[in-house]
Number of protein chains: 2
Amino acid sequence: MRLKIVFNMLGTLLIFIGVSMLVPIFVALYYKEVDGVAFIVTMGFTISIGRILSRATESNEEIRHREGFAVVTLGWIAISIFGAIPFMLAGVFDNFVDAFFESVSGFTTTGATVIMSLESLSHTILFWRSWMHWLGGMGIIVMSIAILPELAGSMQLFKAEAPGPVHDRLKPRIRETAKTLWVVYLVITSVQTILLVMNDMPFFDAIIHSFGTISSGGFSSRTLSVKAYNSTVIEWIMAVFMFLAGVNLTLHYQFLTGNIRSIFKDKELKFYTCIVVSAIVLITINLRFQVYRSLAESLNYAAFQVTSIISTAGFATVDYDIWPPFSRGILLILMFIGGCAGSTAGGIKVIRIYALMKKGFQELYKLIHPRAVTSLKIGNRAVSEEVSTSILGFFFLYVIVFVISTVILTSFGIDLISSISAVAATLGNIGPGLGLIGPLNTYVPLPIVCKLLLSFCMILGRLEIYTVLVFLLSGFWRK
Amino acid sequence: MRLKIVFNMLGTLLIFIGVSMLVPIFVALYYKEVDGVAFIVTMGFTISIGRILSRATESNEEIRHREGFAVVTLGWIAISIFGAIPFMLAGVFDNFVDAFFESVSGFTTTGATVIMSLESLSHTILFWRSWMHWLGGMGIIVMSIAILPELAGSMQLFKAEAPGPVHDRLKPRIRETAKTLWVVYLVITSVQTILLVMNDMPFFDAIIHSFGTISSGGFSSRTLSVKAYNSTVIEWIMAVFMFLAGVNLTLHYQFLTGNIRSIFKDKELKFYTCIVVSAIVLITINLRFQVYRSLAESLNYAAFQVTSIISTAGFATVDYDIWPPFSRGILLILMFIGGCAGSTAGGIKVIRIYALMKKGFQELYKLIHPRAVTSLKIGNRAVSEEVSTSILGFFFLYVIVFVISTVILTSFGIDLISSISAVAATLGNIGPGLGLIGPLNTYVPLPIVCKLLLSFCMILGRLEIYTVLVFLLSGFWRK
Ligand SMILES: [K+]
Ligand SMILES: [K+]
């Protein structure tokens, strides 16, 4: 591995994150809050380190596979470390692990928190948490649509599907794609903010919740999350935008450019919609008969919570942990499925589940008709044997990481359901889980080691697992 | 599908099961119990139906794929239905679903019971439950070593590995293999019975527990299971034989014929031993520090329970449901792994887990070295791309069936951990689970529909899932 190239790109990334801290500084100025100082200091520090790194390692060489994996993995870790500094300087936490956990949770758009009362925080800090979500969400889109397909080949189902002109070399292509998607991302955020403000959410809160929705992050400015506003209209606006946040951003681009037909032809969107509708119907029925007296109330809660969990946003309007096992079970399954590829959502992703199901039926078909020639198709596109094997491999890796992490959590005496859902909620970048870490609780009571493990799970999940594993293993497999 | 051939083979199977009822009749004669009458009546009925079926459908045609799947699936269902009749005639149950559940549980060697107090049963009925285990276990061995590889091709990792002369046509080959394995099976059962009797277990109980061990069934003659004998020596004999029951029976054959070298070269056995030893060590440590005061006591319980769960026998010496989450979590994982291929054990099987892990690492390796030519090897044998895709497909099917069944159980208000473990315990043919169906409990409190669903899970698990699914789907996919 040519460390020079890796450090050069990490340096550039740090400069970018440092500069982005200007925004919370403006927020601090507007609200006249001292926490702005923490950001001025961190900004100076981050940019300096970034410049030193990138200056010392200037080169014109092209990046190669192995370095790509290293940059992506180390990049998320680096920005999370520097993003944690303002929390420490502003005195939000008394130990760095908590600050790091909150920062990783922000940038990976997980939204798991170790802060008990959000109302005690300054606007600046609240904004920083959501700003990390928003930047992280954009980073994920660019990464999953432009970078990972180049790096990972068959591990990614979608290759060269990004809108905008296609270049041969990696860098210019990423830049073009990023620009286009940035605009789409901005448009959706703005529309949601306007709608929320129109329905009596304060402007600051509307920004926070719009950032948390499109990025599928889920950090709120209120301890009670969206329930604090006690407005059915706000809850439905959130639900619709959470649903949209789970959709491939290139489809939003096509919608905005008037290409409606391609949206209706998208198999993943169809399947995603099917899952969402089925889950809402099932949970509504279950809630209506076993928990609430009114059908409307049951539907409201079900629609909000289903879109919140499958889009992996993780906002809450109710303590769904007291719902019957059936509803909790379905939510737990949605945690694993996640949103569509090319969205900010985490989880295994709808397209992979869809491909796996088709593949499963195909294998059965082959048993009855051993001489039949079959090929896996999604929509009009044929999925090569290599890609489908990779998806199956991904699924297996996901399960293995999930099982091992859960066992480690239980070794700290955390009960089975809390352990299972904590790993599902961090690996899937959802945020809240069940039991000990239910929607009304935080990750505060967990031991330090568990917080580090779950931080690692957030990064693993965000980087589709294999990116991190390849980076970790590439040392062993040097040629 | 040529139903004639299917019914012909089902008829033969029923005659065989009918004749096998002579053995419980002898038991009834020896103990002078009236329950023998139930078996005389059922035997006459079963043999008559069997003869009518096979006489009416005589033919010399060769069996084909599709009929093979039908015979295997319908065969297990048919013998379970006829096996349930004596329970009804003897008045053990007051509804047929319970009797069917107990019978399926017997023949699939699951060992899940809906009987509260075993001490209230006659010797004849107790013997019949274990006799179903023993016959079922032998059926599983023959099926998994001789029949399924022929039917399923790449879904099965081991093909033509059975000892004895190899024939081209299916029938004579199955007969030869069955004969050889029958002897091995009988030898192991006898050795265990002798050892148990030598250590003061009553002869009848020794037979029951030996039948339940080699078949990995787990039905006991005592409500307290093996704990009733309060003997550490007996517990260790059981543990060792449960471990052995999880090993490929062809390896036992090789051991008995003096071919020791091939045993040490077997990768699956190595990996199986590794898992067992690791699990025992981890649980012993966990128990020593959190539950029991003595290391020996912790080790005894850990060794017994680990071998019991991974071999999917499901005997118990302790209520492991009160153990800490870590130990319970590990047992839950072992439920999914199961024993080696070619044994009576259920679960996903060690060889599949091993192949999946190798495949997972290979996929990661390919990401770093995209141009490297890799091939999956287990021991000296190369595993074709087709086989490895099939294993991945099997894993995915297993997870899907598991998830859907669990959701259905939760819809009856059964808590998550009980639902999860009930499905794991029946799909993996283990028997006891956690929570509501823990080792000290029975499946009695579950609603009728859940009992039927779990009966279906036992058959699905026993027939490696795809056999049943192919049978169910073959109607849709007629050419
Ligand atoms: K989230
Ligand atoms: K069993």
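In this predicted model, Ala313(A) sits in the loop that runs between helix 13 (295-310) and helix 14 (325-337) of chain A; helices here are DSSP runs (H or I, at least four residues), numbered from the N terminus. With a relative accessibility of 0%, Ala313(A) counts as buried, a word used for residues under 20% relative accessible area (1.4 Å probe, protein chains only). Leaving out residues up to four places away in sequence, Ala313(A) touches Thr110(A), Gly212(A), Ser216(A), Gly217(A), Gly218(A), Met242(A), Ser308(A) and Ile430(A), where contact means heavy atoms within 4.5 Å.

One of these partners, Thr110(A), belongs to the loop between helix 5 and helix 6 of chain A. Thr110(A) is buried too, at a relative accessible area of 0%. Its contacts, apart from neighbours within four places in sequence, include His133(A), Gly217(A), Ala313(A), Asn429(A), Ile430(A) and Met458(A).

What coordinates the potassium ion (ligand 1)? Oxygen atoms of Thr109(A), Thr110(A), Ser216(A), Gly217(A), Thr312(A), Ala313(A), Asn429(A) and Ile430(A) do so, at 2.4 to 2.9 Å. Donors are N, O and S atoms within 2.8 Å of the metal, or 3.2 Å for Na, K and Ca; water is not among the atoms, so sites may look incomplete. Along the sequence, the donor residues of this potassium ion follow the spacing T-T-x105-S-G-x94-T-A-x115-N-I. Thr109(A) comes from the loop between helix 5 (96-107) and helix 6 (123-152), and Ser216(A) from the loop between helix 8 (203-214) and helix 9 (232-245), so this pair ties together parts of chain A that are 107 residues apart in sequence. Thr109(A) is buried, with 0% relative accessible area, and Ser216(A) is likewise buried at 0%.

The UniProt record, an unreviewed entry, lists Thr109(A), Thr110(A), Gly217(A), Thr312(A), Ala313(A) and Asn429(A) under "binding site". These residues span 321 residues in sequence, yet no two of their C-alpha atoms are more than 8.8 Å apart, so they gather at one spot. UniProt annotations may be inferred rather than shown by experiment.

Chain B holds a potassium ion as well, ligand 2, coordinated by oxygen atoms of Thr109(B), Thr110(B), Ser216(B), Gly217(B), Thr312(B), Ala313(B), Asn429(B) and Ile430(B) at 2.4 to 2.9 Å. Here Gly217(B), in the loop between helix 8 (203-214) and helix 9 (232-245), and Ile430(B), in the loop between helix 17 (416-427) and helix 18 (448-462), link parts of chain B that are 213 residues apart. Gly217(B) is buried at 0% relative accessible area, and Ile430(B) is also buried at 0%.

Elsewhere in chain B, Gly393(B) lies in helix 16 (residues 385-410) and is buried, at 2% relative accessibility. Gly393(B) and Tyr466(B) are 73 residues apart in sequence, while their C-alpha atoms are 9.8 Å apart in space.

Now to the surface. Which residues make the nonpolar surface patch of about 640 Å²? They are Val183(A), Val187(A), Val191(A), Phe255(A), Leu256(A), Ile260(A) and Phe264(A). Helix 7 (170-198), helix 10 (249-256) and helix 11 (260-264) of chain A each supply at least two residues of the patch, and helix 7 gives the most, with three. Phe255(A) is found in helix 10. Patch residues have over 30% relative accessible area and no salt bridge (a side-chain nitrogen of Lys or Arg within 4 Å of a carboxyl oxygen of Asp or Glu), and nonpolar side chains (Val, Leu, Ile, Met, Phe, Trp, Tyr) are joined within 5 Å. Areas come from the Shrake-Rupley method with a 1.4 Å probe, and for residues only the protein chains shown count as cover.

Residues are numbered from 1 along each chain as its sequence is written, with chains lettered from A and ligands numbered from 1 in the order in which they are written. In this predicted model, local features need pLDDT of at least 70 and side-chain atom pairs count only at pLDDT 80 or more, while totals for chains, interfaces and linings use all residues; side-chain values use heavy atoms, leaving out hydrogens and water.

Methods:
Buried < 20%, exposed > 50% of the residue type's maximum accessible area, 1.4 Å probe, protein only. Patch = residues over 30% accessible without salt bridge, like charges linked within 9 Å, V, L, I, M, F, W, Y side chains within 5 Å.
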